[in-house]
Amino acid sequence: MSAAPAIVLVSEHHVDDLQDAFGRYEREYDVRCARSCAEAEEVARDIVAGGGTVAMFVAESVLPDCHVLEGFHRWRAVVPNARRMIAAHWDRFLADAPALRAGMAKGKYDAYLLMPRGTRDEEFHHAVTDLLSDWGATIAEPEVVSAKIISPVRDGRVLAIRDFLDRMGMASRVYHPDDPVARHLLGDGSDDAAYPLVWAPERPVVEDATVRTVAMSLYGAPSDLDVDGTVDVCVVGGGPAGLATAVYAASEGLTCVVLEAEAIGGQAGTSSMIRNYLGFPRGISGMRLAQRARNQALRFGTRFVTGWTVHGLVPGEGEVPHVVRTDGGDVAARAVVVSTGVAYRKLRVEPLEELVGSGVFYGAAMTAAREMEDQDVVVVGGGNSAGQAAVHLARFARSVTVLVRRPSLAETMSQYLLGEIAYNPRITVTTCSEVVDGGGDGRLEWISVRDTRDGKLTRRSVGGLFLLLGAEPQADWLPDAVARDDRGFVLTGRDVPKDRWHDGLPPANLATTLPGVFAAGDIRAGSMKRVAAASGEGASVVPLVHQWLAP
């Protein structure tokens with residue numbers, strides 16, 4: 001087993017108190033102490049030089065040889081991906097808070113807490129374990145894995161499978177066929193194996209695996225659902241809107257099935273850290289938010305099926321239910337909630353499209369971030385998703401360039417992310433620019449960038465290109481009876497053209513032109529493209545479903 005990751009405690013006068021508080025972690029972490037910024041920096045360098053890593057720095061609010069935020073800056077240069085916490089002594093907690101909390105909003109550190117004043121300060125340790133859990137999920141190779149991927153190469157397919165497993169909350173590792181772990185699993189069948197192979201407990205080994213076949217092995221197909229006849233509501237799309245619908249519908253006694261083409265969480269599930277979601281003052285990763293919501297819905301009886309794309313909806317009428325069609329089977333439902341969200345627009349630069357999965361990625365591709373260590377990477381996009389991706393990639397990559405066509409990010413990105421980007425020395429912003437070409441020998445090696453003001457072309461060597469280009473609706477599977485705008489987004493309520501109103505009245509706020517079919521979240525025309533807004537619409541649609549189902 002590799003050396004335990006370290007927690008470095010930094011305090012001039014109260015390091016013994018901190019060490020007592022962190023005694024419970026010493027079994028699984030290498031807890032180190034330092035009394036100054038310089039000493040902590042030296043400790044961190046020694047750990048890294050020895051092949052180890054630092055999971056967290058915990059510093060008092062005042063250090064003897066520098067400002068605490070300067071200390072975090074210096075330690076970050078040594079270990080970019082360590083979590084950073086201030087544990088203020090109770091004599092200074094209130095006095096130091098106003099000046100320091102602004103730095104937390106800018107991403108200079110992750111949490112501002114009161115130093116424990118006794119044993120079993122579980123509120124303090126809840127914050128500590130949250131940060132360590134986030135570090136372990138997004139940075140470290142897991143010590144205990146739920147799924148093992150066996151492949152002689154780490155190509156785009158392997159990366160896609162691992163990304164799916166990560167987003168579904170299943171820790172995984174990739175093993176070469178010659179690895180002892182792989183040989184033990186394969187036995188005498190390694191010579192004839194079709195790679196990649198995916199092994200999970202109590203499941204048959206999946207050969208020549210794809211995301212679809214792995215999802216089917218783990219979660220089944222729609223035809224496998226133990227549904228007795230018609231369900232009350234079928235939710236198409238497992239992002240924040242669909243998850244909120246599932247939680248509220250199932251908790252109120254409705255039978256509910258969620259169909260998701262990819263991993264639960266949608267685009268939000270790829271966000272490394274959402275800091276402005278209500279109720280999570282230290283932020284939460286999109287994957288963790290999605291998994292908590294999924295577990296909540298499961299607790300109330302929701303059935304989930306992932307990996308299957310919905311390709312049709314046969315409208316019902318009267319007592320005949322709607323039928324949602326997939327290649328893996330159909331689901332009959334009295335009501336349907338469309339929450340398929342949006343997909344990132346394609347760059348449509350053919351040489352780069354051929355390298356998708358091999359250095360070119362649509363979306364944040366959280367798993368791919370681990371592969372970007374010591375690489376120069378480019379993030380294309382000016383929204384919050386692009387900003388979150390850039391901040392996360394900066395934990396691994398040598399440099400991150402955010403590239404946008406606009407002259408500024410201020411119009412499209414939240415202020416807290418602008419602050420994080422401005423503070424991070426590894427991130428630069430290049431405006432008035434667009435990617436027009438690129439290539440490499442089987443993997444991305446370079447891109448060509450054009451200045452939109454003067455047309456000048458610049459060739460850049462890059463190891464990764466992450467494309468977060470804006471939204472395209474995922475609603476082509478809907479019948480013509482569901483009205484959409486000229487961009488393909490689903491129309492609801494008063495946005496529906498008057499010639500499609502019924503008896504001079506528009507549909508209800510989240511109802512479509514097809515009775516019994518509703519829309520929530522990013523797929524809905526006029527919706528606010530935010531996680532909280534999508535969750536709110538998912539909850540708000542449930543009373544309308546109840547009204548529709550009422551006799």
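Here are some friendly notes on the cavities, aromatic rings and cysteines of this predicted model.

1. **Cavities overall.** A good place to begin is the space enclosed inside the protein. The count comes to 5 cavities of 30 Å³ or more. The largest cavity has a volume of about 150 Å³, and the second largest has a volume of about 70 Å³.

2. **Around the largest cavity.** If you would like to find this cavity on screen, look for Ala 137, Thr 138, Asp 166, Met 287 and Met 366, which are the closest to its centre among the 16 residues that line it. Two or more lining residues come from each of α5 (122–138), α6 (156–167), α10 (286–299) and α12 (366–369). Of the elements, α6 gives the largest share of the lining, with 3 residues.

3. **Character of that lining.** What classes of residue make up the lining of the largest cavity? The lining divides into 9 polar, 4 charged and 3 nonpolar residues.

4. **The second largest cavity.** The residues that line this cavity are Ser 272, Met 273, Arg 275, Gln 388, Val 391, His 392, Arg 395, Leu 417 and Glu 420. At least two of the lining residues are supplied by α13 (384–393), and at least two by α14 (415–423). The most come from α13, which gives 3 residues. By class, the lining of the second largest cavity has 3 nonpolar, 3 polar and 3 charged residues.

5. **An aromatic pair within one helix.** Turning to the rings, the structure holds 9 aromatic pairs. Why is the pair of Phe 72 and Trp 75 edge-to-face? The planes of the two rings stand at 90°, with the centres 5.4 Å apart, so the pair falls in the edge-to-face class, which takes planes over 60 degrees apart. Both residues belong to helix α3 (residues 68–78), where Phe 72 and Trp 75 are 3 residues apart, about one turn of the helix. Phe 72 and Trp 75 are both buried.

6. **An aromatic pair between helices.** Phe 164 and Tyr 219 also form an edge-to-face pair, at 6.5 Å centre to centre and with 75° between the planes. This pair links distant parts of the chain, since Phe 164 is in helix α6 and Tyr 219 is in helix α8 (residues 211–219), 55 residues apart. Are Phe 164 and Tyr 219 buried or exposed? Both are buried.

7. **A ring cluster.** It is worth going back to Phe 72 and Trp 75 for a moment. Ring pairs link these two residues with Phe 57 and Tyr 109 into a cluster.

8. **Charges over rings.** Two arginines are worth a look here. The charged end of Arg 294 sits over the ring of Phe 304, 5.6 Å from the ring centre. Arg 459 lies over the face of Trp 446, at 3.9 Å from the centre of the ring.

9. **Cysteines.** How many disulfides does a search of the whole structure find? The search finds 0 disulfides. Cys 37 is in no disulfide: its nearest cysteine sulfur, that of Cys 66, is 3.3 Å away, whereas a disulfide needs the sulfur atoms within 2.5 Å.

10. **Burial of two cysteines.** Cys 37 has a relative accessible area of 0%, so Cys 37 is buried. Cys 432 also counts as buried, because its relative accessibility is 9% and the cut-off for buried is under 20%.

Conventions:
Residues are numbered from 1 along each chain as its sequence is written. This is a predicted model: local features need pLDDT of at least 70, side-chain atom pairs count only at pLDDT 80 or more; totals for chains, interfaces and linings use all residues. Side-chain values use heavy atoms; hydrogens and water are left out. On a 1 Å grid over the protein atoms alone, a cavity is a set of points where a 1.4 Å probe fits but cannot get out, and a pocket is an open set with protein on both sides within 12 Å along at least five of seven lines; lining residues have an atom within 4 Å of a point. Grid points are joined across faces, edges and corners, and a volume is the space filled by probe spheres set on the points. Helices (H or I, at least four residues) and strands (E, at least two) are DSSP runs, numbered from the N terminus. Ala, Val, Leu, Ile, Met, Phe, Trp, Tyr, Cys and Pro count as nonpolar, Asp, Glu, Lys and Arg as charged, and the others, Gly among them, as polar. Rings of Phe, Tyr and Trp (its six-membered ring) pair if their centres lie within 6.5 Å; planes under 30 degrees apart count as stacked, over 60 as edge-to-face and the rest as tilted. Buried means under 20% relative accessible area, exposed over 50%, partly exposed in between (1.4 Å probe, protein chains only). A charge sits over a ring if NZ of Lys or CZ of Arg is within 6 Å of the ring centre and within 35 degrees of the ring normal.
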